[in-house]
There are 2 protein chains.
Amino acid sequence: MEIEKIIQDKNLKLTSARKEILEIFLNSQKPLAYEDIKDKITMDKATFYRNISKFEDKAIVHSFESNDKKRYYEIQSTPHAHFICNNCNTIECLQDVINFEIKNHIVQDILIKGICEVCFLKRV
Amino acid sequence: MEIEKIIQDKNLKLTSARKEILEIFLNSQKPLAYEDIKDKITMDKATFYRNISKFEDKAIVHSFESNDKKRYYEIQSTPHAHFICNNCNTIECLQDVINFEIKNHIVQDILIKGICEVCFLKRV
DNA sequence: TTTTTAAATGCATCTAAGTCGCATTTAAGA
DNA sequence: TCTTAAATGCGACTTAGATGCATTTAAAAA
């Protein structure tokens with residue numbers, strides 16, 4: 001099965017905590033923080049953080065900090081930028097590829113912050 | 001004097017804490033977090049946070065959260081993007097203007113994250 | 001299948017940036 | 001100089017995430 005293969009291909013032990021986490025992230029269309037999923041998982045938060053961190057080391061998951069002092073995680077797929085609303089903190093994936101180079105730097109992430117459509121239309 | 005004028009033009013009381021804060025930020029070439037300046041100021045951290053927050057309301061200062069769960073502040077001047085190193089957390093101002101529009105969104109900030117020149121050359 | 005053991009887990013505790021309530025102090029207008 | 005709303009300092013609080021340690025478990029060896 002897909003999830004089990006991902007874990008074992010990286011030489012990680014196949015535990016139920018890891019399967020639970022991957023299941024959720026593989027089925028999500030947007031980055032999620034611990035708080036977003038804590039009610040859907042049965043493991044302790046320390047276990048979540050240790051595992052998601054290991055997934056990141058193994059390049060299964062990619063993460064970034066948002067506006068709300070929380071770290072958001074998503075399955076590492078095609079690189080894309082994120083839009084973060086400074087008003088409601090919603091995160092959108094921007095699928096149009098932005099090519100951006102800086103000499104002697106490696107660009108890993110592009111975060112655009114501002115006011116999202118919902119808040120914009122409410123004129124906040 | 002410059003600093004006093006900035007404060008009074010926004011109808012803020014001219015206090016020594018406010019002068020201290022502005023003095024530091026006007027002389028800095030890059031965004032600073034509380035931790036970066038705490039040894040240079042004499043006020044309590046609550047006072048710092050309350051004032052910087054007021055400066056932000058009054059559009060004297062602009063801020064964003066970085067990688068390290070800290071909020072960075074800078075004097076609001078020409079809009080520019082920032083490069084944040086995922087390895088050493090250093091922040092650079094990118095002066096080349098990046099024009100970026102998203103329909104029905106307001107873009108307020110552009111953060112590029114990755115590996116900075118120093119870390120890149122060290123091959124971290 | 002059973003044994004072995006390094007890795008994973010749960011629990012409790014800790015850390016650190018930032019916030020808040022409240023008593024005291026101060027800027028600035030009357 | 002007096003008055004008062006706003007600003008300050010202090011201590012306590014909040015919250016995402018990290019850590020130490022005893023217990024459990026996956027998976028390789030016997």
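**DNA strand C and the two domains of chain A**

In this predicted model, DNA strand C is surrounded by 22 residues, and the closest of them are A:Thr15, A:Arg18, B:Leu14, B:Tyr49 and B:Arg71. Of the atoms of DNA strand C that come within 4 Å of the protein, 66% belong to sugar and phosphate.

Particular atom pairs show how the protein meets phosphate oxygens of this strand. In the side chain of A:Thr15, an N or O atom is 2.6 Å from a phosphate oxygen of DNA strand C, while a polar side-chain atom of B:Tyr49 lies 2.4 Å from a phosphate oxygen of the strand. With A:Asp44 it is a backbone N or O atom that takes this position, 3.0 Å from a phosphate oxygen of DNA strand C. Two or more residues of the surface near DNA strand C come from each of helix H2 (16–26) and helix H4 (45–57) of chain A, and from helix H4 (45–57) of chain B; H4(A) gives the most, with five residues. Sorted by class, this surface has 13 charged, six nonpolar and three polar residues.

We can now turn to chain A itself, which is assigned domain 1 (2–75) and domain 2 (81–121). Their contact takes twelve residues from domain 1 and eleven residues from domain 2. Between them the two domains of chain A bury about 830 Å², with 53% of this area on carbon and sulfur atoms, and A:Phe64, A:Ser66 and A:Asn67 supply 52% of what domain 1 buries against domain 2. The count of salt bridges between these domains is zero, whereas four residue pairs are in polar contact across their interface.

Conventions:
Residues are numbered from 1 along each chain as its sequence is written. Chains are lettered from A and ligands numbered from 1 in the order in which they are written. This is a predicted model: local features need pLDDT of at least 70, side-chain atom pairs count only at pLDDT 80 or more; totals for chains, interfaces and linings use all residues. Side-chain values use heavy atoms; hydrogens and water are left out. A residue is near a molecule or strand if one of its heavy atoms lies within 4 Å of it. A polar contact is a pair of N or O atoms within 3.5 Å; within protein, one must be able to donate a hydrogen and the other to accept it, and residues adjacent in sequence count only if both atoms are side-chain atoms. Helices (H or I, at least four residues) and strands (E, at least two) are DSSP runs, numbered from the N terminus. Ala, Val, Leu, Ile, Met, Phe, Trp, Tyr, Cys and Pro count as nonpolar, Asp, Glu, Lys and Arg as charged, and the others, Gly among them, as polar. Domain bounds come from an automatic or database domain assignment. Contact means heavy atoms within 4.5 Å. Buried area is the accessible area (1.4 Å probe) that two parts lose on being put together, summed over both. A salt bridge is a side-chain nitrogen of Lys or Arg within 4 Å of a carboxyl oxygen of Asp or Glu.
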